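Please look over the sequence and the structure below before reading on. The paragraphs that follow take the cysteines, then the cores, and then a few single residues in turn.

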Amino acid sequence: MAKKKEKKNANSQVQHREIYHRMNFLYQASMMMAATAGSASSSDLGNLGRFYASHMREIGKRVVLRIDPKVKRTICRHCEIPLIPAITSNTTIQNSPETTVLVRCRKCQHRRKYLANPEHKLFGEIPENVLEDTSISP
């Protein structure tokens, strides 16, 4: 007997869908814990936020999934605390040779510079670089 061809639906197009959902939940939880810890000055909630962010990063590395650069920019690379402006980080704009945004973590004082050029696009935002759309819709 011949095997029947299975129909591919929209849910089967994205591999590791559950892992993306888990990473999304961990990111949201880390941001909430960091915001709550910043307003209530509780270090336990801040440490929990750091744990969630580091756990999200570990899951992405283990399964070899790329984290969106916009999400990466909101987590400190040094101490892995979520960077929330005026709560866990300081944000300043510098107009030296190029306009840049300087983000400094309040916990470890690690600094990151990002271009503030409106014409600048990230690699994933350029249509020629994207092979297929992997947006997750419920």
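A disulfide is a pair of cysteine sulfur atoms within 2.5 Å, and with that cut-off in mind we can begin with the cysteines of this chain, remembering throughout that the model is a predicted one. How many disulfides does the structure hold? The number is zero, and two of the cysteines help to show how this comes about. For cysteine 76, the closest cysteine sulfur belongs to cysteine 108 and lies 3.6 Å away, which is too far for a bond; cysteine 76 itself counts as buried, with a relative accessibility of 3%. Cysteine 105 is likewise in no disulfide, since the nearest cysteine sulfur, that of cysteine 79, is 3.7 Å away, and cysteine 105 is buried too, at a relative accessible area of 1%.

From the cysteines we can turn to the cores. In soluble globular proteins, nonpolar side chains tend to be buried together. Here the largest nonpolar core has 15 residues, and those that touch the most other members are Met23, Leu26, Tyr27, Tyr52, Met56 and Ile75. Two elements give two or more residues to this core, namely α1, which runs over residues 17-40, and α2, which runs over residues 43-63. Which element gives the largest share? That element is α1, from which seven residues of the core come. Apart from this core lies another one, made up of seven residues, and among them are Cys79 and Cys105, together with Leu83 and Val103.

It helps next to follow single residues and to see what they meet. If neighbours within four places in sequence are left aside, tyrosine 52 is in contact with Leu26, Ala29, Ser30 and Met33. One of these partners, serine 30, is found in helix α1, and serine 30 counts as buried because its relative accessible area is 0%, whereas buried means anything under 20%. With its neighbours within four places again left aside, serine 30 is in contact with Gly49, Tyr52, Ala53 and Pro82, so the pairing of serine 30 with tyrosine 52 can be read from either residue. Lysine 72 offers another setting, with its place in helix α3, which covers residues 69-72. Is lysine 72 buried, partly exposed or exposed? At 39% relative accessibility, lysine 72 counts as partly exposed. Lysine 72 and leucine 83 are 11 residues apart along the chain, and their C-alpha atoms are separated by 9.9 Å.

Conventions:
Residues are numbered from 1 along each chain as its sequence is written. This is a predicted model: local features need pLDDT of at least 70, side-chain atom pairs count only at pLDDT 80 or more; totals for chains, interfaces and linings use all residues. Side-chain values use heavy atoms; hydrogens and water are left out. A nonpolar core is a set of buried Ala, Val, Leu, Ile, Met, Phe, Trp, Tyr and Cys residues joined through side-chain atoms within 4.5 Å. Buried means under 20% relative accessible area, exposed over 50%, partly exposed in between (1.4 Å probe, protein chains only). Helices (H or I, at least four residues) and strands (E, at least two) are DSSP runs, numbered from the N terminus. Contact means heavy atoms within 4.5 Å.
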